[in-house]
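Here is a short report on a ligand and its surroundings. Look at the structure first, then read on.

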Amino acid sequence: MLDKNLLKMVLDASKPNNHIYFDVGDITKLDVECIVNAANRSLLGGGGVDGAIHRAAGPELLAECRTLGGCHTGEAKITGGYNLKAQYVIHTVGPVYDNDDPKCEKLLRSCYLSSLELAKQYDIHTIAFPAISTGVYGYPAEKAAAVALTAVGKWLSENEDYGMAVIMSCFSERMYETYQKVIRSLHS
Ligand code: AR6
């Protein structure tokens, strides 16, 4: 698990090294520049992490979301963070899992890549992702973790000098263990 002091050091640095970190807990509590929301296409709130982010950010977040006109699956839009510690929220829409649909993986990968590209446009250097699509949208955690880690890894290697700290926020120890298992399998 990520050492909290190490995370603080990383987040205090003006330009962190490109790196993937892990945190177990509530994404809304993280002191990062940007947190990513696993939203739905309306961008008007919902349950899971979406509900938690809207509750923590306050009603102004919903008011700004109303001006965005929704978001396609696999794409991302940005708002302020309002009452959150994070200055920005990037809202992305993951796919509803369908085992028979090869587009699912592509769309999930696109959520991570579009969010990172948008973050770069806003000069964001610390960003936290929930495990997109692994809750209500039913994407199997291990498959989703592999897609997430390879997408983030690819983006970091293609943006070598940018300096982006990516925090994979795990709402449970189990999700954290899943990421670690996938990392071990990617390295073996
Ligand atoms: N911090 C970090 N991760 C969280 C938190 C939190 N506070 N709360 C939940 N998670 P989900 P989806 C984890 O269902 O599958 C919403 O209603 C959770 O354990 O939030 O992409 C939207 O409006 C899981 O691992 O998102 C959409 O309609 C992960 O976040 C729909 O759900 C994603 O679970 C999107 O479904």
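The text below covers the ligand, its shell and one aromatic pair.

This is a predicted model: local features need pLDDT of at least 70, side-chain atom pairs count only at pLDDT 80 or more, and totals for chains, interfaces and linings use all residues. Residues are numbered from 1 along each chain as its sequence is written, and side-chain values use heavy atoms, leaving out hydrogens and water.

**The ligand**

The ligand has 21 residues around it, each with a heavy atom within 4 Å of it. Asn40, Gly47, Val49, Asp50 and Thr134 come nearest. By class, the shell has nine nonpolar, ten polar and two charged residues. Gly counts as polar here.

Helix 2 (48-57) and strand 2 (34-39) each supply at least two shell residues. Helix 2 gives the largest share, four residues. Helices and strands are DSSP runs (H or I, at least four residues; E, at least two).

Three backbone contacts reach oxygen atoms of the ligand; a polar contact is a pair of N or O atoms within 3.5 Å.

| Residue | Distance, backbone N or O to ligand oxygen |
|---|---|
| Gly47 | 2.7 Å |
| Val49 | 2.8 Å |
| Val136 | 2.8 Å |

Taken alone, the ligand exposes 700 Å², and the protein buries 88% of that (Shrake-Rupley method, 1.4 Å probe).

**Aromatic pairs**

The structure holds six aromatic pairs (ring centres within 6.5 Å). One of them joins Phe22 and Tyr176, with centres 6.1 Å apart and planes at 80 degrees. That pair is edge-to-face (over 60 degrees). Phe22 lies in strand 1 (residues 19-24) and Tyr176 in helix 6 (residues 173-187), 154 residues apart.

Notes. A polar contact is a pair of N or O atoms within 3.5 Å; within protein, one must be able to donate a hydrogen and the other to accept it, and residues adjacent in sequence count only if both atoms are side-chain atoms. Rings of Phe, Tyr and Trp (its six-membered ring) pair if their centres lie within 6.5 Å; planes under 30 degrees apart count as stacked, over 60 as edge-to-face and the rest as tilted.
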